[in-house]
Each structure stands twice: as C-alpha cells, then as structure tokens.
Amino acid sequence: MKRHLNTLFITLEGAWLAKDGATVDVRFEKQSRLRVPLHNLDGIVTFGWDIGMSPQLMQACAETGVSISFCSPHGKFIAAATGFSPGNVLLRRAQYRIADDLPAAVLVAREMIGAKIANSRTVLLRAARDHARETLETVCRRLACRAQDARACTDLDSLRGIEGDAAESYLSSLNLCLTNPDPAWRMAGRSRRPPLDRLNCLLSFLYAMLAHDCRSALEACGLDAAVGFLHRDRPGRPGMALDLMEEFRPMLADRLALSLINRCQLQPRDFTVEEGGAVSLKDDARKAVLIAWQERKQEEITHPFLGEKTTIGLLVHLQARLLARHLRGDTDAYPPFLWR
C-alpha cells in the first residue's frame, strides 16, 4: 500500500529549488530557506511566475516518482514535469481503446458523475443539520434523482446535461451552507478565469491542487492522465485527471472551502479584488489554505468499497488503482468513491 506523503508547496516569488544530496533545497537570494528529504515527498507544486528548479532536481524527482506541477500565482495549472511512465503499456492501450469506444467510456464516466452528484448531496445534507434545512433538503431530493439518472445514462452528451443541471442546483445552494453572515462571501454562480467573487476564487484554488493530486495518482499507477472518458482529448488538458477529480470535488474542495469560511479561518480582507472584478488570494491567506489542505488530507477515513482505513490524501490513489483494475478487466465495473 502506498504511504501518505507530503506535498511541497512553493509560493515565494524568486525561489530556486535545487537538489542537495537526497534533499530538496529551497533557496532565496542565494540563501537556503528550507530543506526537505525527497523520500518524504509525493509531489512539488509551485505557485508563481518567477520560481525555478534545477535539471538535477527534476531528474531526481522523475526517478523517485515525485510529481512536479507549475501553477500561476492564483492556482491555474501551467505545466508538469514527469519522467518515463512506469505503467504497463497494455493498461494504457486498454485505456485508449475505451476512450475511443463511446458506449464503453460512458459506463465509467457515469459512475464518476453519479458519485459526484451523490457526494454533492452529502455536502448539503450535512449543512442541513444546522440551518436552511427545508430548502436544502428539497435540493437534496433533486440531486438524488439526478444521481440515479446519471448512473442510467447511455451517452456522454446526455450525461453532461445531467451533470450541468445537478451542478447548477448544487452551486446555487452553497450560499445556504454559509454560517458566516458577511455578504462578501456570497457566490453569484460559478465563475472562472478569472473568478469574480471570493468563494469562486477559493474553490478554483482548491480545485487546482486536487487536479495535481489526481494527475499524480493516475500516472503513479500507469494510466495516461491526458486521455479522459468524459473530458475528451484537448491539447494541454489532463482529461482523465479531470474525470477522476469529479467525485472528490464536493468532499475535498467544496467542504473545505465552506469550513474555512464558517470557522472564520479566512476573512474577506484576505482577498484582492482587481478593477476588472477578478478576485485573488493574498499570500498569507494562500499559505493558510495550503496548510488546511494538507491537514485535511492527513485525516483518516474508512474507504466505503475496500473497507480499509486510509488517509483522505490517499483516496485519489486508491480510486486510480480501482480504475486501473477495471480497465484491465479484473472487475466488472468501476466502483466510484461515495462519501458517507
């Protein structure tokens, strides 16, 4: 079983990462600021335009399976550095065949989307215990029906329609899950590139980190993160990573965003609002979110399908391996992650 390892997040503009023995040496203005053993890392993620890395460190990361992602200061994925894929070529060929066979692809994609809708419903049900109970329970009943529709879907276009309808109902209800009365936290629909309010900004940042983890998990078990079933091929887009992260968006990202706001761990002043309306996290707030993300991943949970205790951070790795088992023909269907 894979061990839960840490992710090294670099947010300091002007930082330079180098290999020093068996450690990552983070330098700024030619002075060492942090040293981290490579064997303790699962990935390195940089947030900035002026953050560099030595070729020797990239080689060491490729050889030890440490994934590297380069993101903009606001969390938009830019590029990744990976070594030779360790996976079985037969597994990847099976993935490509299913991706080209739309009726077969929808059988996997509908399980992922059905799980996403069901997990979104769980987020709202937990919030309904405290407030806005009647309204949220109405939305939950609608989501339960849409989850059943998704699992019975037979084509990708219909599945996208079901997912879009469920997402609209779910996202429009997130404001009811906020116990913080400050209107600055309210979200007026989903907005990206750029996010136009604080909650959208926070969600986009968390989704960027989730996408990194899903891409790493897929590559670690030999799958191609670029070839998805629901998210079709597009240059520069990790389609399969986006597919896999669907079932984890509500539990890992949305729930954490609501907790950070409701517990007042973030304040509206922690965001910068540009003249054009774009919203971004300030440096200190971004670090606070990264710490909360790491702490969340270290919490333990019992996997609903495997029945084993694991850390939340390893869930994406377990699901990637369950997906690989299905593609190899070891299981009749892909068992998605359903949050209880």
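Start by selecting E29, which is exposed, with a relative accessible area of 63%. Since this is a predicted model, everything on the tour is a computed feature of that prediction. E29 sits in the loop between β3 (23-28) and β4 (31-37), and the backbone here deserves a look, for E29 has a positive phi of about 55° although it is not a glycine. For context, most residues other than glycine have a negative phi.

Go next to C264, in the loop between α8 and β9 (271-273), where the phi value is again positive in a residue other than glycine, near 60°. C264 counts as partly exposed, at 43% relative accessibility.

**The whole chain**

Now zoom out until the entire protein chain is in view, and colour it by secondary structure: there are 10 helices and 12 strands. The radius of gyration of the chain is 20 Å, close to the 20 Å that the globule rule gives for 340 residues, so the chain is as compact as a globular protein of that length. If you draw a box along the principal axes, the C-alpha atoms fill roughly 60 × 50 × 40 Å. Of the 340 residues, 56% count as buried. Turning on contacts between residues at least 6 apart in sequence, you will be looking at a set in which 64% join residues at least 24 apart.

**Helix α3 and its two partners**

Two packed helices are described by the angle between their axes and the distance between the axes. Select α3 (residues 102-128) together with α8 (residues 249-262), and you will find them packed at an angle of about 30°, with their axes 9 Å apart. That angle makes α3 roughly parallel to α8, and the crossing of the two helices is right-handed. To see what forms the contact, show the side chains of K116, N119, S120, V123, R126 and A127 on α3, and those of R249, P250, R255 and L258 on α8. Coloured by class, this contact of α3 with α8 shows four nonpolar, two polar and four charged residues.

Keep α3 selected, and replace α8 with α5 (residues 156-171), which packs against α3 at an angle of about 10°, with the axes 10 Å apart. These two helices, α3 and α5, are therefore roughly parallel to each other. On the α3 side, the residues to display are L102, V106, A109, R110, I113, K116, I117, S120, V123 and L124, which meet L156, L159, I162, E163, A166 and Y170 in α5. In this contact of α3 with α5, the residues divide into 12 nonpolar, one polar and three charged. Among the α3 residues, K116, S120 and V123 belong both to the contact with α8 and to the contact with α5.

**Inside α5: L159**

From that second contact, pick out L159, whose place is in helix α5. Which residues does L159 touch, not counting residues up to four places away in sequence? They are V106, A109, R110, I113, A150, C153 and L230. At 0% relative accessibility, L159 counts as buried. Measuring from L159 to R146, C-alpha to C-alpha, should give 10.0 Å, for a pair 13 residues apart in sequence.

**Further buried residues**

Is Q95, the next residue to select, buried or exposed? Q95 lies in helix α2 (residues 89-100) and is buried, with a relative accessible area of 0%. Leaving aside its neighbours within four places in sequence, Q95 is in contact with L223, D224, V227, F229, M240 and L327.

Then move to N200, in helix α6 (residues 198-220), which is likewise buried, with a relative accessible area of 0%. Once neighbours within four places in sequence are set aside, the contacts of N200 are with M187, G189, R190, S191 and P195.

The last stop is F47, in strand β5 (residues 41-47), a residue that is buried, with a relative accessible area of 1%. To finish, draw a distance from the C-alpha atom of F47 to that of Y170, a residue 123 places away along the chain, and the separation should read 29 Å. Y170 has already appeared on this tour, as one of the α5 residues that meet α3.

Conventions. Residues are numbered from 1 along each chain as its sequence is written. This is a predicted model: local features need pLDDT of at least 70, side-chain atom pairs count only at pLDDT 80 or more; totals for chains, interfaces and linings use all residues. Side-chain values use heavy atoms; hydrogens and water are left out. Axes are lines fitted to C-alpha atoms, for helices over the stretch in contact, and angles run from 0 to 180 degrees between N-to-C directions. Helices (H or I, at least four residues) and strands (E, at least two) are DSSP runs, numbered from the N terminus. Angles under 35 degrees count as roughly parallel, over 145 as roughly antiparallel, 65 to 115 as roughly perpendicular and the rest as oblique. A crossing is left-handed if the near helix is turned anticlockwise from the far one by less than a right angle, and right-handed if clockwise. Contact means heavy atoms within 4.5 Å. Ala, Val, Leu, Ile, Met, Phe, Trp, Tyr, Cys and Pro count as nonpolar, Asp, Glu, Lys and Arg as charged, and the others, Gly among them, as polar. The radius of gyration is taken over C-alpha atoms; the globule rule is 2.2 Å times the number of residues to the power 0.38. Buried means under 20% relative accessible area, exposed over 50%, partly exposed in between (1.4 Å probe, protein chains only).
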